[in-house]
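Dear colleague,

Please find the structure below, handed over for your use. My findings follow it.

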Amino acid sequence: MIQKNKITIFGLGHIGLPTASLFANNGFQVTGIARDKEKLDLINSGRSPIDEIGLQDLIEKAVSEDNLTASYDGLAAVKASNIMIIIVPTPMDEYNHADLRAVKSTCQTISKGLKKDDLVIIESTVPQGTCDNIVIPILEKSGLKAGKDFSVAYTPERAIPNNTIYEMTHNARVIGGLDEKSTNRAVELYQHITVGEVIKVKNLITAETVKLIENTYRDANIALSNEIAMICEELGVDAIEAIKVANHHPRVNLHIPGPGVGGHCLAIDPYFIVETAEDFGVKAPLISTARIINEGMPGHVLKIIIETFKEANMDIDKSEIGILGVAYKGNVSDARETPAKALINMLKEKGARVYATDPHTPRETIKSLGAIPADMERVLKCDCTVLVTDHNEYKEIKPGMVKSPIFICTRPVLNPDVFHKKGIIFRGIGR
Ligand code: SAJ
């Protein structure tokens, strides 16, 4: 006998697991589906496999009250549920196209157990049109007709790492359904876990588009700042000062230049728009150029390092270079698509011995990025220190702690003047 409040969530990652835990603490019986046995065991014993504020408590409570179970058996869970939520990864392949294998295989599993009046929700970030052209046709292999027999909605997740639970329960949520009934069912569902505004959009593809354009806006905005920064460096203008002052204009909001755009969202989502645009014969030169600029930033950092070594009459070959921070952004441990990776490898190609430290990222990750794990003291003793990630810990660095003759600061978190005064050659992006 199917209970009305049973949900199956496919994918127990950074978004799937918090979502599952929230529903499980708000009146639903949730089965989360994942493949990794270690992860399943951890969750079923009430422990969180990821570090996210508030998540551990939610999992512990939900598991102890029998409202959350982690399993590998998707089909059994679908058969026992009436709501399915897809939050599986959609990485990018070698051609910068979306790899939708996980979405497709999840839909195939669901289609085998789909029942009349079920609701299927997609949260994974996907190219525009994926729900209409890929998800629904696979679900209809069940013999049921979307709209008539079951409902389909798309709702993108927009929470930020390290504050996921708060943002999931407070941010505005965008929902687009196949039809009015689908949209309304999804709206009613998410109102159980959020006090934020729930915004209905016209259809599935509009909701897919909203997600992609948010991250593309940030990527293009950062690319503009990076380009401005590189021009200002040549002109001797402090780009950071100029950008900060320009942002006082009530209608200007330039982002901050840096060593490149990392993470699993901004560095990937713009390519999904380009992919679909090209399928329709439309060029997307601005979005593509923004990607080129941002992907070129580690190379620009290398150029600054090479020039500074020359000025100091030092040789990069056989030098020691220390990296402060490998995470893709400040105060997170995640190093996916981090600009540190390209920089470390380019420095090694130039013959440098590269040390790296990070208060949040495990030593194993540092090794896998190609650097020698070290503590901060060791990094600050290298011939050159490069600050890549704006962790709070690094905002406290004082010139007295730095033994390197050269300090390259790729994020505007330290005051250049105090370092210059102590005789340290200090360079930054845009200054
Ligand atoms: N970055 C800059 N300059 C800036 C801002 C960011 O260089 O002014 C860099 C960061 O250092 C980092 C990258 O951009 O390498 C991405 O950082 P982010 O903070 O912009 O984004 P994410 O990837 O951590 O999270 C984003 C968020 N999207 C927006 O803020 C619009 C989050 O809300 C989304 O949920 C998430 O993407 C996602 O899942 O799409």
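The side chains of Thr-169 and His-170 make a polar contact at 3.0 Å; the model in which this was computed is a predicted one. Thr-169 belongs to helix α7, which covers residues 164-170. With a relative accessible area of 15%, Thr-169 counts as buried, because the cut-off for that class is under 20%. Once its neighbours within four places in sequence are left aside, Thr-169 is in contact with Leu-22, Ile-193, Thr-194, Val-195 and Gly-196.

Turning to the interior, the largest nonpolar core has 38 residues, of which Ile-110, Leu-114, Leu-139 and Val-152 touch the most other members. Two or more residues come from each of several elements, including α5 (101-113), β6 (151-154) and α9 (204-235). The helix that gives the most to this core is α6, with five residues. Leu-139, neighbours within four places in sequence again excluded, is in contact with Cys-107, Ile-110, Ser-111, Leu-114, Val-120, Phe-150 and Val-152. Apart from the largest core lies another, of 36 residues, with Ala-24, Ala-159, Val-187 and Leu-189 among them.

As for the surface, Ile-231, Leu-235 and Val-237 form a nonpolar patch there, with about 280 Å² of accessible area together. Ile-231 is placed in helix α9, an element that also gives two or more residues to the largest core. The relative accessible area of Ile-231 is 47%, so this residue is partly exposed. In soluble globular proteins, by contrast, nonpolar side chains tend to be buried together.

Yours sincerely

Notes. Residues are numbered from 1 along each chain as its sequence is written. This is a predicted model: local features need pLDDT of at least 70, side-chain atom pairs count only at pLDDT 80 or more; totals for chains, interfaces and linings use all residues. Side-chain values use heavy atoms; hydrogens and water are left out. Helices (H or I, at least four residues) and strands (E, at least two) are DSSP runs, numbered from the N terminus. Buried means under 20% relative accessible area, exposed over 50%, partly exposed in between (1.4 Å probe, protein chains only). A polar contact is a pair of N or O atoms within 3.5 Å; within protein, one must be able to donate a hydrogen and the other to accept it, and residues adjacent in sequence count only if both atoms are side-chain atoms. Contact means heavy atoms within 4.5 Å. A nonpolar core is a set of buried Ala, Val, Leu, Ile, Met, Phe, Trp, Tyr and Cys residues joined through side-chain atoms within 4.5 Å. Patches are made of residues with over 30% relative accessible area and no salt bridge: like charges are joined within 9 Å, nonpolar side chains (Val, Leu, Ile, Met, Phe, Trp, Tyr) within 5 Å. Accessible areas come from the Shrake-Rupley method with a 1.4 Å probe; for residues, only the protein chains shown count as cover. A salt bridge is a side-chain nitrogen of Lys or Arg within 4 Å of a carboxyl oxygen of Asp or Glu.
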